[in-house]
Amino acid sequence: MRRALEIAVTGSAVPAGGVAPVPAEADAAVPADADAVAPIDDVPVGAVLYGPDGAELAVGRNERELTGDPTAHAEVLALRRAAQRLGRWRLDGCTLVVTLEPCTMCAGALVLARISTVVFGAWEPKTGAAGSLWDVLRDRRLNHRPEVYGGVLEAENAAVLRAFFR
């Protein structure tokens, strides 16, 4: 969770160990100064996707303002980058760690990508889809339901979000 919080706060796109999360062409549409702009202009949400072996596969942070893309949520970007890196859309066995409870769009993408485990920090009572407002991730009508762990380092993650909205 601390790595996801680091991504949210600093915008660092390089995983621990210095290995790039995806090939450079995956982020070709993002300006080189994206790290300097996005943390200031967008809600500071960070996501880290780990493979079945626990290795960091990809990271993402909200880039909606930077890219003008309403789907550029941290979770979706991490999923896209991991899928590209692995060469497949099924991310079974993987774990997503994110600083804020996923919204309905992100929760749906996590289900469709077959993510095995979702860990999130702060609860989102207005748009949360992992137990707050909805519970898409554990909906028995869906064909895949990841394990969900919410409220991890909740106070730290919530403090970053509160500071942004002040």
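**Exercises on a five-stranded sheet**

This predicted model holds an open sheet of 5 strands, in the order S2-S1-S3-S4-S5, with mixed pairing.

**Exercise 1.** Find which strands stand at the edges of the sheet.

*Solution.* Start with the order S2-S1-S3-S4-S5. Strand S2 (56-61) and strand S5 (147-149) each have a single partner strand, so they are the edges, and one side of each lacks a neighbour in the sheet. From one strand to the next, the twist averages 15 degrees.

**Exercise 2.** Sort the pairings of S1 with S2, S1 with S3, and S4 with S5 into parallel or antiparallel.

*Solution.* Strands of a sheet pair through backbone hydrogen bonds, either parallel or antiparallel.

- Step 1. S1 and S2 are antiparallel, over 5 bridges. Val 48 has Val 59 in S2 as its bridge partner. Their hairpin has 5 residues between the strands, and there Gly 54 takes a positive phi near 90 degrees.
- Step 2. S1 and S3 are antiparallel too, over 4 bridges. Tyr 50 has Thr 95 in S3 as its bridge partner.
- Step 3. S4 (residues 117-122) and S5 are parallel, over 3 bridges. Thr 117 stands opposite Glu 147 in S5.

Next, two helices. Helix H1 (residues 2-10) packs on the sheet and touches strand S1 (46-50), S2 and strand S3 (95-100). Helix H4 (residues 74-86) also packs on the sheet, touching S1, S2 and S3. The direction of H1 makes about 140 degrees with that of S1; that of H4 makes about 145 degrees with that of S2.

**Exercise 3.** Decide why S1 is called largely enclosed.

*Solution.* Use the cut-off: buried means under 20% relative accessible area. In S1, 4 of the 5 residues are buried, so the rest of the structure largely encloses this strand.

Methods:
Residues are numbered from 1 along each chain as its sequence is written. This is a predicted model: local features need pLDDT of at least 70, side-chain atom pairs count only at pLDDT 80 or more; totals for chains, interfaces and linings use all residues. Side-chain values use heavy atoms; hydrogens and water are left out. Two strands pair if DSSP finds at least two bridges between them. Axes are lines fitted to C-alpha atoms, for helices over the stretch in contact, and angles run from 0 to 180 degrees between N-to-C directions. Contact means heavy atoms within 4.5 Å. Buried means under 20% relative accessible area, exposed over 50%, partly exposed in between (1.4 Å probe, protein chains only).
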